[in-house]
Amino acid sequence: MSVRLVVTITAAPGKGASLAQAYKPRCEDCMKEPGCEQFEIFQSVLNPDKLALLERWTDQAALDTHAKIEQHTPGIAPRAARRQRRARRLSV
């Protein structure tokens, strides 16, 4: 069964666009990982400082492998994002 993550991110005021752009290389890299079906960032048109990261993995093992890789990857634009990241796991 696929695993879907919806991660909401609130950027610092006025930094939503730059944070979305900072995610571009990370999204491209993650899409190359085995089992990654989707890894995309979306920016709200109503509140440009509100972002959503959509992830879809073929299974839990692929997500677990990704999580291990992420532990050793530097964060993205830490000054542009507040520590208000929340992830929701949805069964697909």
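**Core.** I looked up the nonpolar core first. In this predicted model, the largest one holds 18 residues. Ile9, Tyr23, Phe39, Ile41 and Leu53 have the most contacts inside it. I then asked which elements supply it. Strand 1 (3-10), helix 1 (16-31), strand 2 (36-43), strand 3 (50-57) and helix 2 each give at least two residues. Helix 1 gives the most, with 5 residues. I noted the general rule alongside: in soluble globular proteins, nonpolar side chains tend to be buried together.

**Phe39.** I picked this core residue and listed what it touches, leaving out residues up to four places away in sequence. Arg26, Cys27, Cys30 and Met31 are on the list. Leu53, Leu54, Glu55 and Trp57 are there too. His66 completes it.

**Helix 2.** I went to residues 60-70 next, where Ala62, Leu63 and His66 are buried. Down the helix axis, the buried residues fall within an arc of 95 degrees, so they line one face of helix 2. I also checked the N-terminal end. Asp59 caps it, with a side-chain oxygen 3.3 Å from the backbone nitrogen of Ala61.

**Fold.** I counted elements: the chain has 2 helices and 4 strands. Along the sequence I read the pattern β-α-β-β-α-β.

**Whole chain.** I finished with the totals. Of the 92 residues, 36% are buried. The chain exposes about 5,900 Å², and carbon and sulfur atoms supply 55% of that area. I took contacts between residues at least 6 apart in sequence; 70% of them join residues at least 24 apart.

Methods: Residues numbered from 1 in each chain as written. Predicted model: local features only at pLDDT ≥ 70, side-chain atom pairs only at ≥ 80, totals over all residues. Heavy atoms only, no water. Buried < 20%, exposed > 50% of the residue type's maximum accessible area, 1.4 Å probe, protein only. Arc of directions from axis to C-beta. Polar contact = N/O pair within 3.5 Å; in protein donor to acceptor, adjacent residues only side chain to side chain. Contact = heavy atoms within 4.5 Å. Areas by Shrake-Rupley, 256 points an atom, 1.4 Å probe, with all protein chains shown as cover. Core = buried A, V, L, I, M, F, W, Y, C linked by side-chain atoms within 4.5 Å.
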